[in-house]
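Trainee: Could we walk through this model together? I'd like to ask about the fold and then a few side chains.

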Amino acid sequence: MPNSLNPFELIARRWQPSARFVERAALATVVMAVVIVVTGGAVRLTESGLGCDTWPRCTSGSLTPTADMGIHGAIEFGNRMLTYVLCVFVGLLIIAARARTPVRRSLTRLGWVQFWLIMGNAVIGGIIVLTGLNPYIVSSHFLLSTALLTVAMAVWQRSREGDGAPRDLVARPVRQMTWLLVGATLALILVGTVVTGAGPHAGDAREVHRIPLDWQEITQLHVDFVYIVLGLTVALWFTLRAVSAPAAQRRAVLDLLAVLLLQGAIGYVQYFTHLPEVVVGIHMFGSCLVWIAVLRVFFAQRERPALAADPAPAAPAAPGEQEAVQPETSAAPQPEPASSSR
């Protein structure tokens, strides 16, 4: 009995996506990962965190928001629906990477990692609602979204390179400085979530538990990490210039520096204008751009070559050609049989 084809093989028989299509599908998951962060921030900034007061249903008696719930229910439910939209984009990426020949196993594996991160974050989102916007769980919700953005960026990068072993393009000390920059930026984002958990935007107009810290003091710590990241970025640029690194690597660092300066300016504006919702939302969008820029610096310093293809078997030569190539050899004389005496 012939083996039945799985759905991916059936799709591959009818559709062969181009490498360009797979790359664009990967980029779409990056865009959607940013969109889900920004819309999640909009839920909190519009005090719609409990617009749907339970999970997975919107109310105890309805899956969708009702008219008496107003705009807050619509915003919260709309953000929940975006989870399914994000799953569609990730699913398209997985199908395209699986249907393409040769199959990019690395892309499909990372695509599935994105899917399970989305599912895990959806569950955490439900726990947030059921716990009345617990600030620690809200912070983990944002950090998991950052992990999703990281994997999406890795998929986009891998879609533009081969499947060979990674190879550094810079010296080991430069690579170590870049790792330090990535770690400092991650700490910056982590402290930023604490600022959010202790700050005034709780996500709902009612009394909501906050992290019991002075948010202004935590903000100062956040600013300190901004200066650390800025210093490391400038130092890395001078180091790359000193070692005559390729222009693409230095340009990636300059892009990061520009994003950091713009994000810092937005941060000061929101602080001195007493945290208006619109500016805070722009700052959340900027945090995504900062992380994307840092990852671009990291990825620019190494490459993955394409796997070497198996050598094609040589075509058999025509009989005439074979004779022309082979040197003529004289047959060795055969020994005469010994005569027998009678």
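What follows is a set of questions and answers about this predicted model.

Trainee: What pattern of helices and strands does the protein chain follow along the sequence?

Mentor: Start with the tally: the protein chain has 10 helices and 2 strands. Read along the sequence, these elements come in the order α-α-α-α-α-β-α-α-α-α-β-α.

Trainee: And how much of the protein chain is buried?

Mentor: The surface first: the protein chain exposes about 19600 Å², and carbon and sulfur atoms supply 65% of that. As for contacts between residues at least 6 apart in sequence, 78% of them join residues at least 24 apart. Of the 342 residues, the buried share is 40%.

Trainee: Let's zoom in on arginine 302. Is arginine 302 buried or exposed?

Mentor: Arginine 302 sits in strand S2, which covers residues 302-303. Its relative accessible area is 10%, and the cut-off for buried is under 20%. So arginine 302 is buried.

Trainee: Which side chain does arginine 302 join through a polar contact of 3.1 Å?

Mentor: Look at what arginine 302 touches beyond its neighbours within four places in sequence: the list is Gln157, Glu161, Pro166, Arg167, Asp168, Leu169 and Arg175. The 3.1 Å polar contact runs from the side chain of arginine 302 to that of glutamate 161.

Trainee: Over to the surface. Which residues make the nonpolar patch of about 340 Å²?

Mentor: Take isoleucine 127 as a way in: this residue lies in helix H4, residues 105-130. With 37% relative accessibility, isoleucine 127 counts as partly exposed, and patch members need over 30%. The patch of about 340 Å² is made by Trp55, Val123, Ile127 and Leu130.

Trainee: Now the rings. What kind of aromatic pair do tryptophan 112 and phenylalanine 115 form?

Mentor: A search of the whole structure turns up 9 aromatic pairs. In the pair of tryptophan 112 and phenylalanine 115, the ring centres are 5.6 Å apart and the planes are at 85 degrees. An angle over 60 degrees counts as edge-to-face, and this pair is indeed edge-to-face.

Trainee: How far apart in helix H4 are those two residues, tryptophan 112 and phenylalanine 115?

Mentor: Both are partly exposed, tryptophan 112 at 40% relative accessibility and phenylalanine 115 at 21%. In helix H4 their separation is about one helical turn, because they are 3 residues apart.

Trainee: What about phenylalanine 298 and phenylalanine 299: what angle do their planes make?

Mentor: These two rings are buried, with relative accessibility of 14% for phenylalanine 298 and 10% for phenylalanine 299. Their centres are 5.7 Å apart, and the pair is edge-to-face because the planes meet at 65 degrees.

Trainee: Which residues do ring pairs link into a cluster?

Mentor: Here the members are a tryptophan, two tyrosines and a phenylalanine. By name, the cluster consists of Trp215, Tyr268, Tyr271 and Phe272.

Trainee: One last spot: what distance separates the C-alpha atoms of glutamate 47 and glutamate 76?

Mentor: Glutamate 47 is in the loop between helix H2 (19-45) and helix H3 (70-99), and at 38% relative accessibility this residue counts as partly exposed. Along the chain, glutamate 47 and glutamate 76 are 29 residues apart. Their C-alpha atoms are separated by 9.5 Å.

How values were computed:
Residues are numbered from 1 along each chain as its sequence is written. This is a predicted model: local features need pLDDT of at least 70, side-chain atom pairs count only at pLDDT 80 or more; totals for chains, interfaces and linings use all residues. Side-chain values use heavy atoms; hydrogens and water are left out. Helices (H or I, at least four residues) and strands (E, at least two) are DSSP runs, numbered from the N terminus. Buried means under 20% relative accessible area, exposed over 50%, partly exposed in between (1.4 Å probe, protein chains only). A polar contact is a pair of N or O atoms within 3.5 Å; within protein, one must be able to donate a hydrogen and the other to accept it, and residues adjacent in sequence count only if both atoms are side-chain atoms. Contact means heavy atoms within 4.5 Å. Accessible areas come from the Shrake-Rupley method with a 1.4 Å probe; for residues, only the protein chains shown count as cover. Patches are made of residues with over 30% relative accessible area and no salt bridge: like charges are joined within 9 Å, nonpolar side chains (Val, Leu, Ile, Met, Phe, Trp, Tyr) within 5 Å. A salt bridge is a side-chain nitrogen of Lys or Arg within 4 Å of a carboxyl oxygen of Asp or Glu. Rings of Phe, Tyr and Trp (its six-membered ring) pair if their centres lie within 6.5 Å; planes under 30 degrees apart count as stacked, over 60 as edge-to-face and the rest as tilted.
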